[in-house]
Amino acid sequence: MPRARAHEFYGAGVPDSPTPPAPRRSGNQLLYVAVGLFAIGLLAVVAILLTPVLSDSKPALWLYVTAMAGTALGLLLAILFALWSGRRAR
């Protein structure tokens, strides 16, 4: 029985090769929302710190609420994204 040369098989396709599984959707939109909310919250914190320096007045209540809600929700959504994207696909 003659031995086949390796270069004869390089161009041939592999019969019955399994198709790769479809990539799992990573949910990047959740991450974008989380980063956006966190950034808005940080901008509100900076605005709270700069308001007395620039205008000699107290920051508005909506800045405090935006800073509190934006950073907290952004962090929570980022943690949820990390937990959800780190799960193994079955």
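**Exercise 1. Work out which residues of α1 are buried, and what covers them.**

Solution. Start with the list: Ala34, Gly41, Ala44, Ile48 and Thr51 are the buried residues of α1. Keep in mind that we're working with a predicted model here. Next, look for the cover: α2 is part of what lies over these residues. Now flip the view. In α2, the buried set is Leu63, Ala67, Gly70, Thr71, Gly74, Leu77 and Phe81, and their cover includes α1. So each helix helps to cover the buried residues of its partner, with contact meaning heavy atoms within 4.5 Å.

**Exercise 2. Put that pair of helices in the context of the whole chain.**

Solution. First, the inventory: the chain has two helices and zero strands. Second, burial: of its 90 residues, 16% count as buried. Third, the surface: the accessible area comes to about 7,900 Å², and carbon and sulfur atoms own 68% of that. Last, the contacts: take those with a separation of 6 or more, and 71% of them join residues 24 or more positions apart.

**Exercise 3. Check the span of each helix against what its residue count predicts.**

Solution. Take α1 first. Its 28 residues should span 40 Å at 1.5 Å a residue, and the end C-alpha atoms sit 39 Å apart, so the two values agree. Then do α2: its 25 residues reach 36 Å from first C-alpha to last, close to the expected 36 Å. Before leaving α1, follow its axis along: there's a kink of about 30° at Leu49, shortly before the proline Pro52.

**Exercise 4. Decide whether Thr51 is buried or exposed, and find what it touches.**

Solution. Place the residue: Thr51 belongs to helix α1. Then apply the cut-off. Thr51 has a relative accessible area of 18%, and buried means under 20%, so Thr51 makes the cut. Now set aside its neighbours within four places in sequence: the remaining contacts of Thr51 are Asp56, Ser57, Lys58, Pro59 and Leu63. Two of those contacts, Asp56 and Lys58, come up again in the next exercise.

**Exercise 5. Examine the loop between α1 and α2 through Asp56 and Lys58.**

Solution. Begin with the location of Asp56: the loop between α1 (28-55) and α2 (61-85). Then check its backbone. Most residues other than glycine have a negative phi. Asp56, though, has a positive phi, near 55°, and this residue follows α1. As for its accessibility, Asp56 comes in at 72%, so it counts as exposed.

Move on to Lys58, in the same loop between α1 and α2. Lys58 has 77% relative accessibility, which makes it exposed too. To finish, tie Lys58 back to the helix pair's first member: from Lys58 to Ile48 is 10 residues in sequence and 8.3 Å in space, C-alpha to C-alpha.

**Exercise 6. Which residues make the nonpolar surface patch, and which element gives the most to it?**

Solution. Gather the members: Phe38, Leu42, Leu75, Ile79 and Leu83 form a nonpolar patch of about 460 Å² on the surface. Then sort by element: α1 and α2 are the ones that give two or more residues. Of these, α2 gives the most, with three. For one sample member, take Phe38, which lies in helix α1. Its relative accessible area is 33%, so Phe38 counts as partly exposed.

Definitions and conventions:
Residues numbered from 1 in each chain as written. Predicted model: local features only at pLDDT ≥ 70, side-chain atom pairs only at ≥ 80, totals over all residues. Heavy atoms only, no water. Helix = DSSP H or I, 4+ residues; strand = E, 2+ residues; numbered from the N terminus. Buried < 20%, exposed > 50% of the residue type's maximum accessible area, 1.4 Å probe, protein only. Areas by Shrake-Rupley, 256 points an atom, 1.4 Å probe, with all protein chains shown as cover. Expected span 1.5 Å × (residues − 1). Bend = angle between axes of the 7 residues up to and from the residue. Patch = residues over 30% accessible without salt bridge, like charges linked within 9 Å, V, L, I, M, F, W, Y side chains within 5 Å. Salt bridge = Lys/Arg side-chain N within 4 Å of Asp/Glu carboxyl O.
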